[in-house]
Structure formats: C-alpha cells, structure tokens
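Let's take a walk through this structure, one stop at a time. Keep the viewer open as you read.

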Amino acid sequence: MKFTILRLLTHSELGMFHEYRRSGREGSKQRAINFDSDVVDRVFPAAKDSDRIEISCRCFEDAQTLVVKDQWLKKQEKNWRLEGNCPQSPYYSFVEPGVLFVMVVDSSTSPALASWMVIPTEHPARTAIINHGESARLSTSSMIALHGDEGEFCRKVIEEHFPQMFEKADIMQTLPTSGTGMEPDPVGLFKILARAGHSLPSAVADLVDNSLSKGASEIDITFPNPNQGGRWMCIRDNGYGMTPEGLRDAMKIGHQRDYDAADLGKYGYGLKGAAWSQADRLTVVSRSAAGPESVLTWDKEHLERTRRWDIIEAPVEEKYTAVVRLGASGTAVLLTRMRPPIEAPKVKGVDPYSQELASVRDHLELVFHRFLEGAVRGRQRVIIRLNGKALQPNNPMAHPLTKPFDHHSIELPGQQEPSTRPIIMVRAHVLPTEAEFNEYHKSLTPEALREARERLTLNGRWNESQGFYFYRLDRLIKWGGWEGLFTKDEHTKLLRVAVDFDRRSDEQLQVDISKQLIRLPVALTDSLMEVLRTPRSHARNRYAKKVSQGSGGGSTPPAGTGSGTGDDVTGKKGTKGPGRTPTVPPQPTKKERSPLRLVEGSAASWVRKTGFTGEHVEISQRIPGLFALAQAISEDIEAQKALSEFLRVLEDVGVVRILDGKPDGQ
C-alpha cells in the first residue's frame, strides 16, 4: 500500500529543522511535523491511538546525499506527529511557512518504508503539484493522502524532479498475446471497470458468487491486518476448479459462456469487475480434479507499461503460497496492491480495519444466509470463514415472532410459451414490534440484546429495512424499499417481502451488470399490490397495537406531581410552604400537523408523500367531492387522520390508479 502524502508546513512545525531554529524564526518548541488523524487512519487503518508507528525514512542530508533515519508517528492530544529526526544540515535553510512536505510511504511493511522531502515555495515541482487538481483538497484539509491513481500526477512530478528518491519497477515475466490493433486500451478499460460501483463487501460477495457457481462447499476468506504485510485478500474454495483453458477464458473481459440454471454468474464480468474495483493486481490459481494447477495474473502497472493486453503467467509470490494452496480441486482468487477505501469508516473507539472486517462479515451473513443455513435446494450447507472464523447466517425473516404469509407465484408476462415463462415467488413476513422483541429477549444481556436488534434491523433503523427482499437463485441481491410501489411508511415498517426469481427473469426485471439493481415491470405491480394487501393491513394493525400499548392508561404520573392534579402526597391541594409539593402548571400541547394538504393543478386525485415533517396526503380538485370533504374537516385532526387511512385502503386496492386513468370520472 503506497501513499503520497502532502502537507503545506506551518510556522509551528518548522522547528523540526535546526537551520530554522538557528535563524531565530522558531515560534514554538515543537520538533515534529503534524499528521492528521484521518490521514493516519487511511494509511495505517489498524493503528490504535496507543500505538507508536515505526517508519524507516529516507531523506536528504544535502542536495545530493540521502540518509536513512528511524522515525515514528506518535499520537498527541488531537493528531499524530512524525518524530525522531531533526535535520541539522544547512541544506534546509530554505524552509519557511508554506513549503510543501511530501512523503511517499509503503505502509504494508513493518516498519513502514518511506521517503520524504521538503520542496521550496518557488520550486517548479511545488508549483506543478499545488496547481493540479490532485492536490485540491489541500484547500480544505491541512494534509491529504493519495493512493494509486489518486496521486498519479503528483508521483510523476516528484519522480521527475527527485529521481534518486525512487527505485525502478521490476520487469515481470509475461505471456505475449496477439491482437488486431483494435483492442480496447487496457489501462482505460481497467479504470472503467474499477469504477463500477462496488464497495468492499459487495465486491467480496461477487467473488463468493464465483465460488458457489463452481460447486464450493467451503470458502475461506483471508483479509489480514494491512499494516502487517500490506492490504491484500484471498478468497479460496474447494469447488471443482478450472482447467488451464477454462482459467484463460475466465480471465477474459466479458467472456460469454453457457450458464447452468443455478449459476450465479451473468455477464462474464464479476471476477474482473469485483477484483479491479478493489485492487490493482488480480491473481487466480485454479485446479480441476486430477488436472494441473494453473496461475494467471492481471496487473495494472504492467498494463500501463506495455499498453497491451499482456497477461502475466508466473508463480505466486512466496509470501502468498500458503494461502492459495489448493486441495484436489478448487480456486484461489488473490487480490494484492489493494486500494484503501476513499473514506475510512469511523466509529468511535474502533479502528477502521476492524470496521471493514465487520462490514464484510455482516454483508456476507445476510446475502448468503440461505447457503449458510443449508436451505438451498439441491446443495449442501456452505461454510464461509472470514480469517478462520465461520460466518453465521442472518435471515431477515427468521425471528421466532415473525408472522409469515402464504407463498404466491406470479407469472411474468412475455413472448415465451406459457410453460417457459419466468415465475417469481412472493412471500410476505410481518416482524415483531420493538416491544415484543424486547419482551422476547428480556433474558439477554444488554450487549447481546443490542447485537440481536442490529441483526434484525440490518444495522440500521426498522423503518429503513421494510420492503422487498429480492433473491436471485437464493442469493439476496437487493433489499429495503418498495421500488415505487408504495412509499416507506412508519405504519408498515414491520413488513418484509421475499421475492424469489431465477436467471430466466433477469431480462424482464432488468438485473444490472453488478446484480445489485432491478426494476419491476409495470405489468407486475397490480399483482404485487393484490398479494400484499392483507400483509400490509396486518403490519399496520401490529404497529397500531404497539402504539396503543405504549400510550395506554397505565402510565405513571411525573415525579413530584402526585396524582397529576396538583395535589401533594397527602391529597391536599398544592400550596407553597414546608412539606408541600408545588403545583406543576399545565404545559401547552403542541398542535398536531395536518395529515392532509389541499393543492391545485395536480393531475392526480391524491398523492401520499413523505417529507421532513412526516407523511401527508395531497388532495387535488380532480374529485370535487373529496376536495370539499377535506375542506370541511380542516379543523378536525382526528377526522383528517381517518380520511387519510381510508384513502390508504383505496390505494392498496388500486382505486386511485383507476380514477386517475379515467379523466371523466367514470
């Protein structure tokens, strides 16, 4: 993991240089350069505040001489400081506020290896870097850390002006390929595929898809501490593997093949797209039963150097040989030179690396829960381990108090023969209320209760997790929200609907290249609304029961108010004086917001909307009688609520669509 770190030094930091102190310009006794915490989190994501991060640094002794010094980053009250070296050479007499500090650091070793320099304010290298967009964030941040392509321009400028600070890249053994001269530019296509919208958890899930498609029953994911050998990952399985020819096909961009009915692949893109979204180097090791082991590598630096689609055929580096070692058959996908996340996750008291591990674990336990449960027809239970620890399935419908409804099958309309038309399966589930959940789990410790709640709410809010859960071949690909069919509503936040389909439905559901997005055909919406009418009603009733239980007559009066009428503890009227409880004056009641809005010029009879102030219904003059009724009850909040709920019933059965489809009102 190599980073280019930039900082414009301030007056208080220049005391690190002896020449600055000797000239009498020192403003403080600080002998170090400040490192912002967010930069340290990105470069050393596993570092804790108590750590001392060791760095072996190369720097200039004078204009020609390089020296190596042992330095370290040490946590101070707010930020970190680079300590351990105060240059005494007259070479640094040029330092003044605004000089550019540049460090190129490889944080994958321990100690980390770095080269740093200070560039004068009038130096052309400083001018070029400061005037380029890569350093733009220096206008809002005192220090930035650029990784890979983020700092490509800065790195080239530094290498041009300070070549002695850097080593030349090793030449790699390659397997020549031939082409027509019209192949896509390898670097350009690499960058396009690397920006395909994957997060680390979704990229890992795509790579696990490949293992499952190859019949794997055990999958081991290794993602070690990035400060103990660099940021890298390996996904190894015991599937039936690939022949050398099969591996070569798998490494082709967009390779088309015949997919089995249960194959989770789709476009011949997942392996490369998922890997390149996270890493600059992808190595695949595979072996089919009784066949030879084969190894192929795509490497971005090599593509940049050759400008050709030359794939590397060379043994895996020795330090990775143990983790890619296969059994009788299987595949290992090795990602090295992984890029750090653009924004490291931030939870107080938890280092970014631990948070990344947790996000990968939570994602895989959810999206592959049926495989982990052994609930996929025709397949044995799958074991997935992350750093040696087996994942536990997180079924979003499986709480014991959840009420499941009957399965419904819906045929997707199309040009196919009736016997071959795709069918989706729909099953609704209504979760317990939070009060029911807490009562059921009351014997748990607070920590266990919190963990159980986070698993049920998918580490979010109950309201955000309502909606459709789309399963493609038993793999959860998208969840939460109603795809425009309904709005997210507090009253239906307990409702989750499993929608199952296979690859025959991909085209009509418009499953995208990442298999993370779908679109519901208009022809499907009426059937879904009919299927969900009863579950939505049940979800609202269960929610309403929770509300009534929470506001019932058994509430306790506020402390110090006796019966709540101003009486003291003896039952006498409250007055001032010894032994008396003063009367608490009544508090003004906040006026409820109207759930209805009257609008003009709308093409719809009424529209339900959700904004910052909650849900409301906009009623137009399209139906004069409805508009007049809303006007008549404008001062009665309870009547307005009743009308809003009545309109909701009409929405659920599709009446508003019928009305708006017939302008004459018939």
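What follows covers a helix with a buried side, a pair of packed helices, and some unusual backbone spots.

A bit of housekeeping: this is a predicted model, where local features need pLDDT of at least 70, side-chain atom pairs count only at pLDDT 80 or more, and totals for chains, interfaces and linings use all residues. Residues are numbered from 1 along each chain as its sequence is written, and side-chain values use heavy atoms, with hydrogens and water left out.

Start with helix H13, residues 446-456 (helices, H or I of at least four residues, and strands, E of at least two, are DSSP runs numbered from the N terminus). Its buried residues are Leu449, Ala452 and Leu456; buried means under 20% relative accessible area, exposed over 50%, and partly exposed in between, using a 1.4 Å probe on protein chains only. They span an arc of only 65 degrees around the axis, so they sit on the same side of H13 (the arc is taken from the directions from the helix axis to the C-beta atoms). An α-helix has 3.6 residues a turn, so residues three or four places apart point the same way. What do the buried residues of H13 pack against? Their partners are helix H12 (434-440) and strand E21 (495-501), with contact meaning heavy atoms within 4.5 Å. Just after H13, Leu458 takes a positive phi of about 60 degrees.

Now find helix H6 (residues 200-213) and helix H10 (residues 352-367). They pack at an angle of about 50 degrees, with axes 9 Å apart; axes are lines fitted to C-alpha atoms, for helices over the stretch in contact, and angles run from 0 to 180 degrees between N-to-C directions. That angle makes H6 oblique to H10, since under 35 degrees is roughly parallel, over 145 roughly antiparallel, 65 to 115 roughly perpendicular, and the rest oblique. On the H6 side, the residues in contact include Leu200, Pro201 and Val204, and they meet H10 residues including Val360, His363 and Leu364.

Last, the backbone. Most residues other than glycine have a negative phi, and most peptide bonds are trans. Yet Arg337, in strand E13 (residues 330-338), has a positive phi of about 55 degrees. Glu483, in the loop between strand E20 (475-479) and E21, also has a positive phi of about 55 degrees. The peptide bond from Ser110 to Pro111 is cis, with omega near 0 degrees, and Pro111 sits in the loop between strand E6 (100-106) and strand E7 (112-119).
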